[in-house]
Amino acid sequence: MVMPLFSLRSDAGWGVGEIPDLIPFSGWAADAGFSAVMLLPFHEVWPGETSPYGAVTAFALDPVFLRLDACEDFRALGGEAGVLGPSERERLVACRAAERVSWDEVRALKSTAVRRAHEHFTRTAPGTPRYEAFERFCRDEAHWLDDYALYHALATQHSPNWAAWPQPVRDREPEALAAARRELATWVSYRQYVEWQLTLQWHEAREQANRRGVSFAGDLPFVVSRDAADVWANQRAFRLDLRLGAPPDEFSAEGQDWGLPVYDWDFLKRHDYAWLRARAERSSRLCGMWRIDHVVGLFRSYYQTHTGEPPGFLPPDEPSQRAQGRATLEAFRAAGDILAEDLGVIPPFVRASLKELRIPGFKVLRWERDELIYRDPRQWDEVSVATTGTHDTDTQKEWWQTLPHAEREAILRLPGLEPFGPDAGYTAALRDALLRLVYEAPSRLVLVPFQDALGLEGRVNLPGSVSPANWTYRMPMSLETLTTDRATMHRLRELAAVTGRLPQG
C-alpha cells in the first residue's frame, strides 16, 4: 500500500497526517491484506516548500508530523485550549476541515504549540528520568543531530542560505561553531527536543504496525536541497560549483535544471561513501525497507554549471558510471532492503546493473508495453515491484477516463479483461480486474497507491508544474471512517488471498 504520510486524515490531526495516524492505518492495511505501507519522504522541508524531495536534511523527521496531543508537555499545558488562543483555534478548525493540506498554516500553528511545549520541558524536566532520556537521545544521534540543530539555529538568526552567513560559521571554524552553540543554546535544544518527540512517536507507531505484520517502507530522495543542514555540515561531499538536473529527452527538449547540489563522487569514494552509509543506517532505523528515488543519479549526475559551460555527466563514461552505481547501491544495501525507482529515460546498463544486484525496479502497468502491445504482468520479472501508478501519475481511475480508444482496446487484450469493452466506464468490476492483473504478477512486491486500491481520484503531484494541488492530497475520508469500512477491507483481502498475495501468519 502506498500512502503519503501527509495525506492521512484523522479527527485528532491538525490538518495533515501525523505519525500516530500510522497506527490505525497500518491496522487497516493488515486487515486489507497488505504487509507494507510505503510513505513518501517524511524528512523536513522549509516553510513555503511542499515537495518532500527538497529536504532540509536527510536525517531529521519533519516537525509537521508531530502529534501534539501525544506530547506530554503539550498536554501538561492544557492541550489545545491551554496553548492556542481563540484565533489560533479557529485556524486549526479550518485546517482540519480543509480538502487539501494547508502547509503554511499547519506549520505555523504547530511551531507555536511545540515551542511552548519545549518551554515547559526546559522548566520542569531537568533532573527527571525524562530529561535523562532526552540527553541519551541527543548523545545517540549526535552524529547528525548536533549539526542539524545548530544549522536551524543559525538559519533562524541569519537565513537558510548558509553560503551568505558570516565567514567563520559558514566555513565551520571550530571556535565560531562553539560560540554559536553557546549563544543559540535554547534554539538548539528546541530542535533536539522536537526530533526526540518525533522519534518517540515514530518508534511507537512502527512497533505497533510490526505487531500487525505491517512494515514501513521509506522513500529516500536522491539528494537534498542546497540550503540544507547536510550540505553545510558536509561541504566537501558536494560540488557546489555545479547544479543537478536531467538531460534533454522526449519530455524536455532542453533538459531540466533542478538547482540541487551535485555530489562530489571522488570525495565520497575516497571516504567509502560514509555520508551515504549514514543516511542508509538512519533510514533502516525508521523503516524496514526504502525506495531510492532517481536511482540513475547514483550512477551518474547530470550537471549544469554556473558559468555557462556545456553540461555533462559525472562520472563522464559508462564504465565509471557502472562501477559507481554498483558501489553506492552496495553501500545502501548494507543497511537494509532497498527498491530502485528506475522509471523514465534510463540507460540500459542501469537496469542491467540492478538485475545483476537483484535490486527490484518498478513495473507500472500502464507503461509496460511496446507501442500498443501491453506486456502480460504474469511475464514480468520476479525481481521487480508491480504497481498501477506512482505519486507522479494520475490515478488509475483518471488514467482510464482519459485513455484513448485505441489504447483501451490494446490493454483490454490482457488476460482477465476480456469482459470489458473499450467504451466501458471505470466500474468497480474494472477497478478490481486491473488490480488483479498487478496482483498476479510474479513480482517480489506489489505496491498499490491508496487511491487505486479504492478506485478514487486525486493525484499527488504533476511533475513540471507548480500548483496548490501538488503535494497536498488528503484522503477524502477520515481514518475513523476508513477503518470501519469492512466491505473494502474484505474485498482487498479476498483479492490478496485468491492471487496468493495474502501475508502468511
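Helices here are DSSP runs of H or I with at least four residues, numbered from the N terminus. The model is predicted.

**Exercise 1. A phenylalanine in a helix**

Place phenylalanine 137 in its helix, decide whether it is buried or exposed, and list its contacts.

*Solution.*
Step 1. Find the element. Phenylalanine 137 lies in helix H6, which covers residues 129-140.
Step 2. Check the accessibility. The relative accessible area of phenylalanine 137 is 10%. Buried means under 20%, so phenylalanine 137 is buried.
Step 3. Collect the contacts, leaving out neighbours within four places in sequence. Leu145, Gln192, Glu195, Trp196 and Thr199 remain for phenylalanine 137.
Step 4. Compare sequence and space. Phenylalanine 137 and tyrosine 193 are 56 residues apart in sequence. Their C-alpha atoms are 9.3 Å apart.

**Exercise 2. Overall dimensions**

Work out why the radius of gyration of the protein agrees with that of a compact globule, then describe its fold in totals.

*Solution.*
Step 1. Apply the globule rule: 2.2 Å times the number of residues to the power 0.38. For 505 residues this gives a radius near 23 Å.
Step 2. Set this against the model. The protein has 23 Å, so the two agree.
Step 3. Add the extents. The C-alpha trace spans about 70 × 55 × 40 Å along its principal axes.
Step 4. Count the elements. There are 22 helices and 13 strands.
Step 5. Look at burial and contacts. Buried residues make up 56% of the 505. Take the contacts with a separation of 6 or more: 72% of them join residues 24 or more positions apart.

**Exercise 3. An open parallel sheet**

Give the strand order of the open sheet that contains E12, and name its edge strands.

*Solution.*
Step 1. Write the order. Three strands run E9-E12-E13, with parallel pairing.
Step 2. Identify the edges. Strand E9 (361-364) and strand E13 (445-446) each pair on one side only.
Step 3. Count bridges on the E9 side. E9 and E12 share four, in the parallel sense. One registration point is valine 364, whose bridge partner in E12 is threonine 387.
Step 4. Count bridges on the E13 side. Strand E12 (residues 384-387) and E13 pair over two, also in the parallel sense. Here valine 385 has leucine 445 of E13 as its bridge partner.
Step 5. Sort the side chains of E12. Ser384 and Ala386 point one way, Val385 and Thr387 the other. All of these are buried.

**Exercise 4. An enclosed strand**

Explain why strand E6 counts as largely enclosed, and trace its partners.

*Solution.*
Step 1. Tally burial. Strand E6 covers residues 301-305, and five of the five are buried, so the rest of the structure largely encloses it.
Step 2. Check both faces. Ser301, Tyr303 and Thr305 lie on one side of E6, Tyr302 and Gln304 on the other; both faces are covered.
Step 3. Take the first partner. Strand E3 (residues 238-246) runs antiparallel to E6, joined by four bridges. Glycine 245 stands opposite tyrosine 302.
Step 4. Take the next partner. Strand E7 (residues 312-314) is antiparallel to E6 over three bridges. Tyrosine 302 stands opposite phenylalanine 313 in E7.
Step 5. Inspect the turn. E6 and E7 make a hairpin with six residues between them. Glycine 308 in this turn has a positive phi of about 85°.

**Exercise 5. The second largest pocket**

State the volume of the second largest pocket and characterise its lining.

*Solution.*
Step 1. Read the volume. The second largest pocket holds about 370 Å³ of space.
Step 2. Find the residues at its centre. Of the 22 lining residues, Glu44, Pro47, Arg107, Ser111 and Arg191 are closest to the centre.
Step 3. Assign elements. Helix H5 (103-124), helix H7 (142-157) and helix H10 (185-211) each give two or more residues to the lining. H5 gives the most, with seven.
Step 4. Classify the lining. Twelve residues are nonpolar, three polar and seven charged.

**Exercise 6. A methionine in a loop**

Locate methionine 475 and say whether it is buried or exposed.

*Solution.*
Step 1. Locate it. Methionine 475 sits in the loop between helix H20 (450-454) and helix H21 (479-482).
Step 2. Check the accessibility. Methionine 475 has a relative accessible area of 0%, so it is buried.
Step 3. List the contacts, not counting residues up to four places away in sequence. Methionine 475 touches Met3, Ser7, Leu8, Arg9, Phe450 and Leu482.
Step 4. Add a long-range distance. Methionine 475 and proline 86 are 389 residues apart along the chain, and their C-alpha atoms are separated by 28 Å.

How values were computed: Residues are numbered from 1 along each chain as its sequence is written. This is a predicted model: local features need pLDDT of at least 70, side-chain atom pairs count only at pLDDT 80 or more; totals for chains, interfaces and linings use all residues. Side-chain values use heavy atoms; hydrogens and water are left out. Two strands pair if DSSP finds at least two bridges between them. On a 1 Å grid over the protein atoms alone, a cavity is a set of points where a 1.4 Å probe fits but cannot get out, and a pocket is an open set with protein on both sides within 12 Å along at least five of seven lines; lining residues have an atom within 4 Å of a point. Grid points are joined across faces, edges and corners, and a volume is the space filled by probe spheres set on the points. Ala, Val, Leu, Ile, Met, Phe, Trp, Tyr, Cys and Pro count as nonpolar, Asp, Glu, Lys and Arg as charged, and the others, Gly among them, as polar. Buried means under 20% relative accessible area, exposed over 50%, partly exposed in between (1.4 Å probe, protein chains only). Contact means heavy atoms within 4.5 Å.
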